[in-house]
Amino acid sequence: MELISTSAAPAAIGPYSQAVKLGNLLFTSGQIPLGLDGQIVEGGIKEQAVQVFENLKGVLEAAGSSFGQVVKATVFLKDMNQFGELNEIYATYFGDHKPARSTVEVARLPRDVFVEIELIAVIPVEI
């Protein structure tokens, strides 16, 4: 097991790692819309979703993976009425790649943000 840490995403705000690599699998912690400065990105669901995906991109790349290698996404939304707007941003990062996904509405997220996303990805093995 290897802990993944990168300055391309905000530092963990608690006793956890940005991601854990186990064999050729990567498990990311949930990312919320924090900028690299640790501040919540202003705006609505779209702006916050973009920041979450940029944070996830940084973690994926630090581990040698990418959105094209994601096998499962778990999305936590503050308001399921924002599902359509989230999907617009989601599609720009995944394109034609369609990993398995769960999306749930939750009562509250850390720092009262609109969205949190965690991923499971494959790290390609170099031959």
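## A six-stranded sheet, its helices and Thr28

In this predicted model, six strands make an open sheet of mixed pairing, ordered S1-S2-S3-S6-S4-S5. Strands here are DSSP runs of E with at least two residues, helices are runs of H or I with at least four residues, both numbered from the N terminus, and two strands pair if DSSP finds at least two bridges between them. At the edges sit S1 (2–4) and S5 (100–105), each pairing on one side only. Neighbouring strands are turned by 15 degrees against each other on average, direction ignored.

S4 and S6 are joined by seven bridges in the antiparallel sense; in one of these strands, S6, Glu118 is the bridge partner of Thr74.

Now to the helices, where contact means heavy atoms within 4.5 Å. Angles run from 0 to 180 degrees between N-to-C directions, with axes fitted to C-alpha atoms, for helices over the stretch in contact.

| Helix | Strands | Angle |
|---|---|---|
| H1 (residues 45–62) | lies across S1, S2, S3, S4 and S6 | about 30 degrees to S6 |
| H2 (residues 83–94) | touches S4, S5 and S6 | about 155 degrees with S4 |

Let's zoom in on Thr28, which is found in S3. Thr28 counts as buried because its relative accessible area is 8%, the cut-off being under 20% (1.4 Å probe, protein chains only). Its side chain reaches the backbone nitrogen of Leu119 at 2.8 Å. Beyond its neighbours within four places in sequence, Thr28 contacts Gln18, Ala19, Leu56, Val59, Glu118 and Leu119.

Residues are numbered from 1 along each chain as its sequence is written, and side-chain values use heavy atoms, leaving out hydrogens and water. Local features need pLDDT of at least 70 and side-chain atom pairs count only at pLDDT 80 or more, while totals for chains, interfaces and linings use all residues.

Methods: Buried means under 20% relative accessible area, exposed over 50%, partly exposed in between (1.4 Å probe, protein chains only). A polar contact is a pair of N or O atoms within 3.5 Å; within protein, one must be able to donate a hydrogen and the other to accept it, and residues adjacent in sequence count only if both atoms are side-chain atoms.
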